[in-house]
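Colleague: Got a minute to look at a model with me? I'd like to go through a few spots in it.

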Amino acid sequence: MSGSRRALVLGGGGVAGIAWETGVLAALADGGVDVTTADRIVGTSAGSTVAAQVTSGLPLPDLLARQADPALQTPELDSGVSLEDLWAEFQQIAEGAADPVAQRRAVGAMALAAATVGEAERRAVIEARLPVHEWPERDLVIVTVDAVTGEPRLFGPGSGVEMVDAVAASCAVPGVWPCVTIDGARYMDGGVRTGANADYAAGFDRVLVLAPMAEPEEPSWARLAGPVEVIEPDAASLAAFGVNPLSPAVRTPSAEAGYAQGRALVSSVAAMWH
């Protein structure tokens, strides 16, 4: 529909999510539906990395190769954190918090107290992920959460914050990676708010959401008006993610599974998007 304003929402899901989303986007583009031309792109955690990558000017086939081909993959750290223990800690915090903001503050306190690699070491990983480090001239929204106040903060072009720092903050999984210091404040993973933060696409006529991780209860896209399509991992993609979506070893199978899933969805996405 001529004149429709479109938004692409890219949710969190570890390095598996980065690879899977890249595969889906590359497959859609190969099928004639390049959704990365959206009027707004909202990126959270893994999705913030993908958002920065697809607006970098590097073609989607090259971005896919950087995920699928082990020889082209950028260096990643192995967290060494037990996800089972981490999810149990998150659950305990959720049960003890009075409201979502209190819950985010409690997660932030846990994140700030966690023993992790240093900020500089983690930042180098994010630098390597991103083909360019300057903000694009696009409506790009990177979602983070203030680890002390629990309030979300959005970064984008014109924010005065380096894109590498914004993406590093959005990818700072509590208890796994260090909170990121920006202007004296500490920021953590935007997925602490919701997995995809699709409500930041409110007001757009057509919205495509890639959600590597399911959102509990009412999802962030539930109240969006107009056509909305949500792509979540199919069985083959979930199998590719394995038990640890943060493991660098899952990148190749996750990218390949995402591409296969995306190819099967070309027609349905095209019908909504165009």
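Colleague: Is Asp183 buried or exposed?

Modeller: Exposed: its relative accessibility is 68%, and the cut-off for that label is over 50%. Keep in mind that this is a predicted model.

Colleague: Okay, and where does Asp183 sit?

Modeller: In the loop that links strand S5 (180-182) with strand S6 (185-189). The backbone there has a twist to note: Asp183 has a positive phi of about 50 degrees, and it isn't a glycine.

Colleague: Why point that out?

Modeller: Because most residues other than glycine have a negative phi.

Colleague: What about Glu217, what's its phi?

Modeller: Near 55 degrees, so again a positive value in a residue other than glycine. Glu217 is in the loop between strand S7 (206-210) and strand S8 (228-231). With 78% relative accessibility, Glu217 counts as exposed.

Colleague: Switching to the inside. Which residues touch the most other members of the largest nonpolar core?

Modeller: Leu8, Leu25, Val35, Leu208 and Leu210, out of 51 residues in that core. Helix H1 (residues 14-30) gives the largest share, 9 residues.

Colleague: Which residues is Leu8 in contact with, beyond its neighbours within four places in sequence?

Modeller: Among them are Leu25, Val35, Leu208 and Leu210. The list also includes Thr36, Arg40 and Trp273.

Colleague: What else is there in the way of cores?

Modeller: Another one lies apart from the largest core, with 18 residues, including Leu77, Ala111, Val125 and Ala147. In soluble globular proteins, nonpolar side chains tend to be buried together.

Colleague: Zooming out, how many helices and strands does the chain have?

Modeller: There are 10 helices and 8 strands. Of the chain's 274 residues, 54% count as buried.

Colleague: How does the radius of gyration fit with a compact globule?

Modeller: It agrees: a compact globule of 274 residues would come out near 19 Å, and the chain has 17 Å. The C-alpha trace spans about 50 × 40 × 35 Å along its principal axes.

Colleague: And contacts at least 6 apart in sequence, what share join residues at least 24 apart?

Modeller: That's 73%.

Colleague: Last one: how many positive and negative side chains are there?

Modeller: The chain has 17 positive and 34 negative ones, with the centres of the two sets 5 Å apart. As for surface, about 11200 Å² is exposed, and carbon and sulfur atoms supply 53% of that.

Conventions: Residues numbered from 1 in each chain as written. Predicted model: local features only at pLDDT ≥ 70, side-chain atom pairs only at ≥ 80, totals over all residues. Heavy atoms only, no water. Core = buried A, V, L, I, M, F, W, Y, C linked by side-chain atoms within 4.5 Å. Buried < 20%, exposed > 50% of the residue type's maximum accessible area, 1.4 Å probe, protein only. Helix = DSSP H or I, 4+ residues; strand = E, 2+ residues; numbered from the N terminus. Contact = heavy atoms within 4.5 Å. Rg over C-alpha atoms; globule rule 2.2 N^0.38 Å. Areas by Shrake-Rupley, 256 points an atom, 1.4 Å probe, with all protein chains shown as cover. Lys, Arg positive; Asp, Glu negative; His and termini not counted. Charge placed at Lys NZ, Arg CZ, Asp CG, Glu CD.
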